[in-house]
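Trainee: I would like to go through this model step by step, with the terms explained as we meet them. Could we take its open spaces, its interior and a few single residues in turn?

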Amino acid sequence: MTQVKVKRNVASTGGKNENQRSTAGIFLRRPVVNVAVLAIFLALLPLALESGFHYHVAVMICINATIAISLNLLMGYAGQISLGHAGFVALGAYGTAILSSRYGWPVPLALLGSAAGAAFIAFIVGRPILRLKGYYLALATLALSMIIYLVISNEVWLTGGPEGMAVPGLELFAVTLTDPAHWYWLVAILLLLVFWLSTNLINSPLGRALRALEGPDAVAGSVGINVAWSKLLVFTLSALVAALMGGFLALYAGFISPSLADFMHSIELVLMVLVGGLGSVVGAIIGAALITLLPQVLTVVEEYETLVFGLILIGVMMFMPRGLQPSLVNIWRRIKR
């Protein structure tokens, strides 16, 4: 009887985000259905894309959404604040560019090698960093990202420094991908794959263990959860996905600069998770789409673009503090009643 009570307590250690996750869970109870819905949406979306620019925006949304899903696993489920996720994106991008252009590695091998290297770095530095909590953890991840930014900016002989560097194209089946329409299908498949893996992970025993990490470590450890290992695992996995998509971003853009690792890029990624809804894989996609799309839409207001963008974000966080997806689900439930 005591053991049952302890398990119930661990299930509720998610704090204020636990209710949010139960709301978001409506999308996670049937992973196969969720994947099928997303696949149909991604397959039909090109019917609404009328130009190369539209495809470009769709490609960026897919890339950002995939990165946001990886960050959401760390922040929304494991409860570990990270302000340095852009650093891993930059590691993947620059690793792919350096290995392929400077050392002659085949592009696919450079892509996988840079992602693995970023994951290894995350594994090594994660052991001491993840012992910290709250604001201290946020500052530590920010410091890590700033170190990566400074190295990229100063090692001109290797990275091109502030001027950036060119990236060779990605060749598939003897064809170099240059058309945004072709890139869309590639990154859409990657988004679908990461979405499927994430929803299955969340519903696995490891996913349930991650939810317990937001509460006191002693409570999670009392039911057999290896707290340190679980935190390190999700941190490494999150970095791996971010670096992999950073590599694809570099190959798509054909040129990269140190801005990939700067503070504002990390803040944008965090905003995607917060606006979409912490603890919601679907919310991460919605947040990424909104944060990526809004600046394109707001170009019509010219010099007031930044102001309007900020006001919209403030409005969302004031009236939908739990994020768009959980709030919309709550509204729908009330309407059904």
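Trainee: How much space lies in the largest pocket?
Mentor: This is a predicted model, in which local features need pLDDT of at least 70 and side-chain atom pairs count only at pLDDT 80 or more, while totals for chains, interfaces and linings use all residues. Residues are numbered from 1 along each chain as its sequence is written, and side-chain values use heavy atoms, with hydrogens and water left out. A pocket is found on a 1 Å grid over the protein atoms alone, as an open set of points where a 1.4 Å probe fits, with protein on both sides within 12 Å along at least five of seven lines. With points joined across faces, edges and corners, and volume taken as the space filled by probe spheres set on them, the largest pocket holds about 720 Å³.

Trainee: Which residues lining the largest pocket are the closest to its centre?
Mentor: Lining residues have an atom within 4 Å of a point of the pocket, and helices H3 (31-44), H4, H9 (180-202), H14 (281-297) and H16 (324-336) each supply at least two of them. Helices here are DSSP runs of H or I with at least four residues, strands are runs of E with at least two, and both are numbered from the N terminus. Of the 32 lining residues, the closest to the centre are Leu38, Phe41, Ile285, Ile286 and Ala289.

Trainee: How many nonpolar residues does the lining of the largest pocket have?
Mentor: Ala, Val, Leu, Ile, Met, Phe, Trp, Tyr, Cys and Pro count as nonpolar, Asp, Glu, Lys and Arg as charged, and the others, Gly among them, as polar. The lining has four polar residues and one charged residue, and its nonpolar residues number 27.

Trainee: Which helix gives the largest nonpolar core its largest share of residues?
Mentor: Such a core is a set of buried Ala, Val, Leu, Ile, Met, Phe, Trp, Tyr and Cys residues joined through side-chain atoms within 4.5 Å, where buried means under 20% relative accessible area, exposed over 50%, and partly exposed in between, with a 1.4 Å probe and protein chains only. The largest core has 91 residues, and those with the most contacts inside it include Ile69, Trp183 and Ile256. Its largest share, 15 residues, comes from residues 52-77, which form helix H4.

Trainee: Is Val187 buried or exposed?
Mentor: Val187 is found in helix H9, and, leaving aside neighbours within four places in sequence, Val187 is in contact (heavy atoms within 4.5 Å) with Val59, Cys62 and Ile63. Because its relative accessibility is 0%, Val187 counts as buried.

Trainee: Why does Thr178 count as exposed?
Mentor: Thr178 is found in the loop between strand S3 (175-176) and helix H9, and its C-alpha atom is 9.5 Å from that of Ala253, 75 residues apart in sequence. Thr178 counts as exposed because its relative accessibility is 64%.

Trainee: Where does Ser280 lie, and how far apart are the C-alpha atoms of Ser280 and Asn72?
Mentor: Ser280 lies in the loop between helix H13 (263-276) and H14, and counts as buried because its relative accessibility is 1%. Although Ser280 and Asn72 are 208 residues apart along the chain, their C-alpha atoms are separated by 7.4 Å.

Trainee: What is the relative accessible area of Ile314?
Mentor: The place of Ile314 is in helix H15 (residues 305-319). Ile314 is partly exposed, because its relative accessible area is 47%.
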